[in-house]
Amino acid sequence: MEPCTPRRGLLTLAIETSCDDTCVAILEKQKSGFARLHFNEKITSDNRAFRGVHPLVAVASHSENLAPLVQKALRSLPSPVGIRPSQDVNSDGQTILVDGRPRLRPDFISVTRGPGMASNLATGLNHAKGLAVAWDVPLLAVNHMQAHALTPRLVSALEAEKLAFKPKNEEDASSQQPQSPQFPFLSLLVSGGHTMLVHSKSLNDHAILAESINIAVGDMIDKCARLIIPSDILSADTSDSGAYGPIFEEFAFPGSTESASYDYNYTPPARRADEIKRFDSGQGWVLTPPLHLKGMGEEAASQFEFAGLNGHVQKLITLRSDMDVDSRRVLARATMTLVFEHLTTRLVFALQSNNNKSRKRNKIGTVVLSGGVASNKFLRHVVRKLLDARGLTDIEVIAPPVALCTDNAAMIAWTAMEMYEDGWRSDLDILTMRKWPLDPKAEGGGILDASGWYRVPMPKE
Ligand code: AMP
Ligand code: ZN
């Protein structure tokens, strides 16, 4: 019998339980930089009876679902080549038995340590510690927000794999492909819980350039959508999730979500000063852009604000509850336009101020739009148009697939993979971190300022 074929790449099992999704993934990464996702599933706790995530219900859901989901994931671990089921596979330390069949044992266990809800995180972290101890492999307990920021690099590694890269020879197989996008890049994380502009300078150095001072953009969109969209259209929506973004987009621009070349008839503000001009509907109501009194100095450029416009829209529609569908559509478009321009003006400011003062290697060439709101095609359109209008035509704008932008364990696996390859490991006695800033300049420090990291010497190439 031939010995077990040496593994080509690194294999990890990842767990994410920071909020209401119980997620497990199995990711393999080859030395060349290409990755394969063997498993990536999630089970979301049922929050329909509550206005948002109910912490106890979510913890119960993790406790109920995590072990069976891990058990299911193990069946997707790659099989070793050249091992008979009857062979004593455990003795080589590289394989485990799953349903009586030999499978490659993960090289390390990845898990979310924070930020998130403490008890929810603990369910995942304790399970991960158990697996790491049982298999005698390292634990990598990573930052959830770092994982969101690194997601486009995971996507590029997976896409390269999908293109069926087959190394022609050994040299080819071990030649490292540069991960894309390369640092530095900017990410606009726009979701139901976050609105953040992140400057990712290296694996562990992510500066927060702008953040919402009150509610998140997705939350605002959901609140406005509930009032603006006529009730017969709303009640026909069967998603039950409380996330109205997709129907809001379709209501504002009928047919756009299915069309490859929709004409939004959108003209970006010609000058900087026009970015804070009021929108006049010509129907007796106006909308004021967020933070319009602040102009666009350093302070305003580091802030997103959505509660004000949300309050304004709520008041307007409550006072004009008899608005017909066409007027509601005008209001939906105006709301979306002001919100997306508000996001983009901060992006433009960040790009211009960084790229005007940086040397070539520190200039930003890529902007990543991620989070649930980034699936909005009109947002992508506004970003592109406004960047072009400000002379930033050479900036690439990318939007990873939504399934990888919302909470998932594949991004945790990828982040742990990058950390592992950089020599980082987590102590087994670490605790969860409810708060864990990304930015090293934030109070309490950034990713590496958490206790419990240790570094192993890197093997020489
Ligand atoms: P996440 O928190 O990343 O799961 O994203 C969920 C948020 O994204 C919710 O607030 C949704 O309403 C919002 N969202 C999803 N799709 C869209 C869309 N097409 N347009 C605007 N918002 C959206
Ligand atoms: Zn998240």
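The shell of residues around ligand 1 divides into 4 nonpolar, 9 polar and 2 charged. This shell belongs to a predicted model, and the description below keeps to what can be read from its atoms.

**The site of ligand 1**

In total, 15 residues surround ligand 1, and the closest are Gly192, Asp222, Glu249, Gly372 and Asn376. Backbone atoms of three glycines approach oxygen atoms of the ligand, as the table sets out.

| Backbone partner | Atom of ligand 1 | Distance |
|---|---|---|
| Gly192, polar backbone atom | oxygen | 2.8 Å |
| Gly372, backbone N or O atom | oxygen | 2.9 Å |
| Gly218, backbone N or O atom | oxygen | 3.1 Å |

On its own, ligand 1 has 500 Å² of accessible area, and the protein covers 82% of that area. Two elements, helix H5 (217-228) and helix H7 (245-252), give two or more residues each to the shell around the ligand, and it is H7 that gives the most, with 3 residues.

**The zinc site**

Which residues coordinate the zinc ion (ligand 2)? The ion is held by the NE2 atom of His144, the NE2 atom of His148 and an OD atom of Asp407, at 2.1 to 2.2 Å. Along the chain these donors follow the spacing H-x3-H-x258-D. Because His148 lies in helix H3 (residues 144-162) whereas Asp407 lies in the loop between helix H12 (402-405) and helix H13 (410-421), the pair ties together parts that are 259 residues apart in sequence. His148 counts as buried, at 9% relative accessibility, and Asp407 also counts as buried, at 17% relative accessibility.

**Helix H10 and two long-range pairs**

Helix H10 comprises the 33 residues 325-357 and reaches 48 Å from its first C-alpha to its last, which is close to the 48 Å expected at 1.5 Å a residue. This helix is mostly covered, with 24 of its 33 residues buried.

Two pairs of residues show how segments that are separated in sequence are placed in space. Val368, in strand E14 (residues 366-370), counts as buried at 1% relative accessibility, and its C-alpha atom is separated by 9.0 Å from that of Pro181, although the two residues are 187 apart along the chain. Ala307, in helix H9 (residues 307-319), is partly exposed, with a relative accessible area of 29%, and lies 9.5 Å from Asp219, C-alpha to C-alpha, with their positions 88 residues apart in sequence.

**Backbone features in the loops**

Where are the cis peptide bonds that precede Pro115 and Pro184? Gly114 and Pro115 are joined by a cis peptide bond with omega of about -10°, and Pro115 is placed in the loop between strand E6 (108-114) and helix H2 (118-135). The peptide bond from Phe183 to Pro184 is likewise cis, with omega near -5°, and Pro184 is in the loop between helix H4 (170-174) and strand E8 (185-190).

Asp136 has a positive phi of about 55° although it is not a glycine; this residue lies in the loop between H2 and strand E7 (139-143) and is exposed, with a relative accessible area of 69%. Asn265, which is not a glycine either, has a positive phi of about 55°, is found in the loop between H7 and strand E11 (279-280), and is exposed at a relative accessible area of 67%.

Note on methods: Residues are numbered from 1 along each chain as its sequence is written. Chains are lettered from A and ligands numbered from 1 in the order in which they are written. This is a predicted model: local features need pLDDT of at least 70, side-chain atom pairs count only at pLDDT 80 or more; totals for chains, interfaces and linings use all residues. Side-chain values use heavy atoms; hydrogens and water are left out. Donors are N, O and S atoms within 2.8 Å of the metal (3.2 Å for Na, K and Ca); water is not among the atoms, so sites may look incomplete. Helices (H or I, at least four residues) and strands (E, at least two) are DSSP runs, numbered from the N terminus. Buried means under 20% relative accessible area, exposed over 50%, partly exposed in between (1.4 Å probe, protein chains only). The expected span of a helix is 1.5 Å times one less than its number of residues. A residue is near a molecule or strand if one of its heavy atoms lies within 4 Å of it. A polar contact is a pair of N or O atoms within 3.5 Å; within protein, one must be able to donate a hydrogen and the other to accept it, and residues adjacent in sequence count only if both atoms are side-chain atoms. Accessible areas come from the Shrake-Rupley method with a 1.4 Å probe; for residues, only the protein chains shown count as cover. Ala, Val, Leu, Ile, Met, Phe, Trp, Tyr, Cys and Pro count as nonpolar, Asp, Glu, Lys and Arg as charged, and the others, Gly among them, as polar.
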